[in-house]
Amino acid sequence: DEDDDTEAGGEIVAGTASGFPPFEMVEDGELVGFDIDLLEAAVAETDYELTGWEDLGFDGLIPALENENIDVIAAAMTITEEREETVSFTDPYYSADQSVLVQTDGDFEPEELEDLAGQALGAQSGTTGEGVVEEQIEDGTFDEGDYRSYDEYVFAVEELESGLLDAVILDEPVGETFEADRDVEVAFVFETGEEYGFAVRQDDEDLQEALSEGIAAVEDSSEYEEITREWFDP
Ligand code: ARG
């Protein structure tokens with residue numbers, strides 16, 4: 001293969017960043033979740049073949065795509081203009097806002113972002129949740145010294161449970177999942193209108209198009225609903 005674009009209908013490797021339930025997580029040593037099932041179902045609608053998954057750090061995904069270690073990212077990745085400078089996204093497959101997690105039954109009951117000023121805050125490195133914090137730091141609302149960046153949201157949530165953090169900022173569906181499984185609760189949600197897409201290299205238009213068609217086919221069949229029910233309605 002002399003071209004650097006993925007051969008049409010060829011083999012592809014997917015990348016994700018687990019620890020983001022219910023989209024991608026490791027259970028009994030296996031990578032599972034909404035994104036895993038949805039990408040596999042979408043690829044099955046194309047003539048590409050998905051040969052494997054790489055579980056990487058979220059902020060290592062775009063570099064891995066550019067280095068051709070992986071060919072597609074399925075990681076609840078929000079379509080943003082900044083990311084579109086380096087990668088191409090499929091049509092969106094899920095919508096989400098941001099939420100603020102606090103300890104269950106704690107004294108801290110924030111209702112809006114300003115209430116988080118002066119508190120110990122956490123988010124995952126390279127995410128839009130971290131972007132929210134960075135914006136508030138730039139505006140002077142939050143202090144840089146109050147923020148800690150984590151490789152995985154799970155680690156931030158553990159520190160929230162143990163009281164080392166006062167709040168964690170993350171995608172709402174993931175916040176709700178942690179609320180169901182751990183000693184944390186969603187204090188409030190704020191609208192960001194994010195949409196997730198699968199990301200490919202910019203020269204892989206054929207793969208981008210095939211995957212968008214694959215997503216549409218999955219959405220038109222009963223499969224999208226089945227996958228949603230499996231991961232969102234326990
Ligand atoms: N949607 C957010 C973003 O794009 C968070 C994604 C985190 N994904 C993950 N697999 N850890 O920045």
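**A guided tour, beginning at Ala76**

Ala76 counts as buried, at 5% relative accessibility. The model on display is predicted. Select Ala76 and find the loop between strand 5 and helix 3 (81-84), where this residue lies. Its phi is near 50 degrees, a positive value in a residue other than glycine.

Next, keep Ala76 selected and display the ligand. A backbone N or O atom of Ala76 lies 2.8 Å from a nitrogen atom of the ligand. Add Ala75, which has a polar backbone atom 2.9 Å from a ligand nitrogen. Then add Gln124; here a polar atom of the side chain lies 2.9 Å from a nitrogen atom of the ligand. Taken alone, the ligand exposes 350 Å², and the protein buries 100% of that area.

Now select the whole shell around the ligand. It holds 14 residues, of which Ala76, Thr78, Arg83, Thr128 and Asp171 come nearest. By class, the shell comprises seven nonpolar, four polar and three charged residues. If cavities are displayed, note that the largest cavity is the space taken by the ligand.

From the ligand, proceed to helix 1, residues 34-44. This helix is mostly covered, with eight of its 11 residues buried. Among the buried residues are Phe34, Ile36, Leu38 and Val43. Select Leu39, which is also in helix 1. Leu39 counts as buried because its relative accessibility is 0%, and buried means under 20%. Add Gln208: the C-alpha atoms of Leu39 and Gln208 are separated by 12 Å, although the two residues are 169 residues apart along the chain.

The next stop is Ser212, placed in helix 7 (residues 205-220). Ser212 is buried, with a relative accessible area of 11%. Show its side chain together with the backbone of Asp91: a polar atom of the Ser212 side chain lies 2.9 Å from the backbone nitrogen of Asp91.

Two loops complete the tour. Select Glu68 in the loop between helix 2 (61-66) and strand 5 (72-73). Glu68 has a positive phi of about 65 degrees although it is not a glycine. With a relative accessible area of 41%, Glu68 is partly exposed.

Finally, select Pro21 and Pro22. A cis peptide bond joins these two residues, with omega about 5 degrees. Pro22 is found in the loop between strand 1 (11-16) and strand 2 (25-27).

Notes
Residues numbered from 1 in each chain as written. Predicted model: local features only at pLDDT ≥ 70, side-chain atom pairs only at ≥ 80, totals over all residues. Heavy atoms only, no water. Near = heavy atom within 4 Å. Polar contact = N/O pair within 3.5 Å; in protein donor to acceptor, adjacent residues only side chain to side chain. Areas by Shrake-Rupley, 256 points an atom, 1.4 Å probe, with all protein chains shown as cover. 1 Å grid on protein atoms, 1.4 Å probe; cavity = no way out; pocket = protein on both sides within 12 Å on 5 of 7 lines; lining within 4 Å. Sits in = over half its atoms within 2 Å of the grid points. Nonpolar A, V, L, I, M, F, W, Y, C, P; charged D, E, K, R; others polar. Helix = DSSP H or I, 4+ residues; strand = E, 2+ residues; numbered from the N terminus. Buried < 20%, exposed > 50% of the residue type's maximum accessible area, 1.4 Å probe, protein only.
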